[in-house]
Amino acid sequence: MKRILIMAMISLISLHGFSQEQIYKASKFSIRSDGKQDNTTSIQGAVDYIADQGGGTLEFSVGRYRTGAVELKSGVNIKLLEGAIIVGSTNIYSYKGKPGIFWAEGQRNIIIDGRGVFDGRGAELRGNEEEQKSLGHIPENHAIPALMSFKDCEGIVVKGIVLRNPATEDPILSGKTGVEVQDVSIE
């Protein structure tokens, strides 16, 4: 009996060690897929929650998810299923001076992957920025956000997605350290 109990405990420990990563559906966080609602606060709340839980994947299904700047956290992955489109806001103030739509600084082990699209709506965003500069509301040296920006990060992987309409020449700002880009299309 003692031997069976020990074997059962070893099996449980082994299974726990191979447990699958937790997947969180975007819809569970009131993230709307209509392309109209600004989801910045909801997406940031989801990322923060998943980070507080020890990590996992935030999964976006078919739809258009409009957002401004979202700070990614260590261990929180983003999965864009086929038909999912992250749509950047065309309002320059939605980015609050941050360097990217999805950005991270000093974070590690983040994967952004899938078969979805990341659309920066670059021409419209640059137009809004120029208008705000001409009105004197933002300084002339104001930096426009990239699609993604990673600074002092490690273990970042971006794979399989389509990057469309970036506002910057380089859609992923990384300093080329700690970021691996695989099978990504840029349109």
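Here is a short chat about the strands and two loop residues of a predicted model.

Colleague: Which strands form the open sheet, and in what order?
Modeller: Four strands make up that open sheet, in the order β5-β8-β11-β14, and the pairing is parallel.

Colleague: Which strands stand at the edges, and why is one side of each left without a neighbour?
Modeller: Those are β5 (70-71) and β14 (172-173). Each has a single partner strand, so one side of each has no neighbour in the sheet.

Colleague: OK, and how many bridges pair β11 with β14?
Modeller: Two bridges, in the parallel sense; β11 covers residues 146-151. Within that pairing, Met148 stands opposite Ile172 in β14.

Colleague: What holds strands of a sheet together in general?
Modeller: They pair through backbone hydrogen bonds, either parallel or antiparallel.

Colleague: Switching to β4: why is it largely enclosed?
Modeller: Strand β4 spans residues 63-67, and four of its five residues are buried, so the rest of the structure largely encloses it.

Colleague: Which residues stand opposite Arg64 of β4?
Modeller: Asp34 stands opposite Arg64, and so does Ile85 in β7. Strand β2 (residues 34-38) runs parallel to β4, joined by two bridges. With β7 (residues 84-88), β4 pairs in the parallel sense over five bridges.

Colleague: New topic, loops. What is the phi of Arg121?
Modeller: Near 50 degrees, which is positive in a residue other than glycine. Most residues other than glycine have a negative phi. Arg121 sits in the loop between β10 (117-119) and α3 (122-134).

Colleague: And Asp152, where does that lie?
Modeller: In the loop between β11 and β12 (154-159). Its phi is positive too, about 55 degrees.

Colleague: Is Asp152 buried or exposed?
Modeller: Asp152 counts as exposed, at 59% relative accessibility, while Arg121 is partly exposed at 21%.

How values were computed:
Residues are numbered from 1 along each chain as its sequence is written. This is a predicted model: local features need pLDDT of at least 70, side-chain atom pairs count only at pLDDT 80 or more; totals for chains, interfaces and linings use all residues. Side-chain values use heavy atoms; hydrogens and water are left out. Two strands pair if DSSP finds at least two bridges between them. Buried means under 20% relative accessible area, exposed over 50%, partly exposed in between (1.4 Å probe, protein chains only).
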